[in-house]
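Good morning, and thank you for coming. May I ask you to look at the structure on the screen while I speak.

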Amino acid sequence: MRNYILMFMLALLLQACNSNEKKVPAADTVTSKASAPLLNKTPIDFKGLYVFGNEVNTFQECANQKIFWVNDSLVDMRKPYEESDKFLSYPYESVYAEVKGYLSGKSSLGYASEYENVLVITEIIKIEPKNFRTDCYNYEFIALGNEPFWSLDIIPFEKRIVLKDVAEEKVMEFFYSPANISGGLYHYTATNPKNEKLEVLIRKEKCSDGMSDRKYNYSAEIRLNGKILKGCAIRKGEIFDDRP
């Protein structure tokens, strides 16, 4: 009988020890909770290129070229994007934007999950068309002419060449291919889904647009469907004295 009582008391003691062990949280659980970063929702300024379209809502920051998915549930980015002065715009054309917001981390939802971070927009400072002075616009050349008015953007980053023919109110996109460079001449050839062939000749020579006092360092000639357009060109990084 005495041995039975001792064995019963020993079993109760072991059960109590096991119960106390279960109440102690695992070390890795404590560490993970303590080390989890707190989300800083203090808005800061962001400058970059914004794009909205079917299954696309992104912001490419000027400072480091990183691309974020945009959460604009607090402010509507779509309306000012569509209302910005984008004459003869084309699908997924980027605009320059300055906004306030914060980064909320990587999302696991839908298309947002394809990006490393989500930018939550809290305020729109301005949205406007980009131009040759937009720092983070990674064009190679921008060409332009008048009588008739036209412009052409060569954009390696987007793998496209875009011709805006103002006289015909038409925008045409072509697949980008690097230029054949020889003796100060940049010769681009490109095609589009309609199999139309575009030729762009940019020469290193002084050029005037005939409408302003600006002196360009490159001339431009566009050949398309038997039509020839002539004007001047700006190379990325050039600085002009007529800065507004």
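I shall go through the overall make-up, the cores, the pockets and the salt bridges, in that order.

Please keep in mind throughout that this is a predicted model. The protein has 244 residues, and 37% of them count as buried. Its secondary structure consists of three helices and 14 strands. How much of the contact total comes from residues 24 or more positions apart? Among the contacts with a separation of 6 or more, such residues account for 48%.

Let me turn to the interior. The largest nonpolar core contains 22 residues. Within this core, the residues with the most contacts are Leu152, Ile154, Ile161, Tyr188 and Ile202. Which strands supply at least two residues each? They are β6, β7, β8, β9 (170–175), β11 (185–191), β12 (197–208), β13 (215–224) and β14 (227–235). Of these, β13 gives the most to the core, with four residues.

Ile202 deserves a moment of its own. If we leave aside residues up to four places away in sequence, Ile202 touches Phe141, Ile154, Gly184, Leu185, Tyr186, Tyr188, Tyr218, Ser219, Ala220 and Ala233. Two residues in that list, Ile154 and Tyr188, were named a moment ago with Ile202 for their contacts inside the core.

There is also a second, separate core, made of 14 residues. Among its members are Val95, Ala97, Leu119 and Ile121. Let us look at Val95, which is placed in strand β4, residues 95–103. Is Val95 buried or exposed? Its relative accessibility is 0%, so Val95 counts as buried; the cut-off for that term is under 20%. Val95 also stands 8.1 Å from Ser84, C-alpha to C-alpha, although 11 residues separate the two in sequence.

Next, the pockets. The largest pocket has a volume of about 660 Å³. It is lined by 28 residues, of which Lys130, Ile142, Ser151, Asp153 and Lys164 are the closest to its centre. Three strands, β6 (141–145), β7 (150–155) and β8 (160–165), each supply at least two residues of this lining. You have met these strands already, for β6, β7 and β8 each give at least two residues to the largest nonpolar core as well. By class, the lining of the largest pocket divides into 15 nonpolar, five polar and eight charged residues.

The second largest pocket has a volume of about 320 Å³. Here 16 residues form the lining, and those closest to the centre are Val51, Thr58, Gln60, Phe157 and Glu158. Strands β1 (44–53) and β2 (56–61) each supply at least two of the lining residues. The largest share, three residues, comes from β2. In terms of class, this lining has 10 nonpolar, four polar and two charged residues.

My last topic is the salt bridges. How many are there? The count comes to 11, and I shall show three of them.

The first example joins the side chains of Glu82 and Arg78, at 3.0 Å from N to O. Both residues lie in helix α3, residues 78–83, and they are four residues apart, about one turn of the helix. Glu82 has a relative accessible area of 47%, and is therefore partly exposed. Arg78, at 43% relative accessibility, also counts as partly exposed.

The second example is the pair Lys126 and Glu128, whose side chains meet at 3.9 Å, N to O. Lys126 is partly exposed, with a relative accessible area of 33%. For Glu128 the value is 30%, so this residue is partly exposed too.

The third example is the salt bridge between the side chains of Lys227 and Glu168, at 3.1 Å from N to O. Which parts of the chain does this pair link? Lys227 belongs to strand β14, whereas Glu168 sits in the loop between β8 and β9; the two are 59 residues apart, and the pair thus links distant parts of the chain. Lys227 counts as partly exposed at 29% relative accessibility, and Glu168 is partly exposed at 43%. This pair does not stand alone: salt bridges that share partners join Asp165, Glu168, Lys170 and Lys227 into one network.

To close, I would ask you to return to strand β14 on the screen. This strand holds Lys227 of the third salt bridge, and it also supplies at least two residues of the largest nonpolar core. Thank you for your attention.

Notes:
Residues are numbered from 1 along each chain as its sequence is written. This is a predicted model: local features need pLDDT of at least 70, side-chain atom pairs count only at pLDDT 80 or more; totals for chains, interfaces and linings use all residues. Side-chain values use heavy atoms; hydrogens and water are left out. On a 1 Å grid over the protein atoms alone, a cavity is a set of points where a 1.4 Å probe fits but cannot get out, and a pocket is an open set with protein on both sides within 12 Å along at least five of seven lines; lining residues have an atom within 4 Å of a point. Grid points are joined across faces, edges and corners, and a volume is the space filled by probe spheres set on the points. Ala, Val, Leu, Ile, Met, Phe, Trp, Tyr, Cys and Pro count as nonpolar, Asp, Glu, Lys and Arg as charged, and the others, Gly among them, as polar. A nonpolar core is a set of buried Ala, Val, Leu, Ile, Met, Phe, Trp, Tyr and Cys residues joined through side-chain atoms within 4.5 Å. Buried means under 20% relative accessible area, exposed over 50%, partly exposed in between (1.4 Å probe, protein chains only). Contact means heavy atoms within 4.5 Å. A salt bridge is a side-chain nitrogen of Lys or Arg within 4 Å of a carboxyl oxygen of Asp or Glu.
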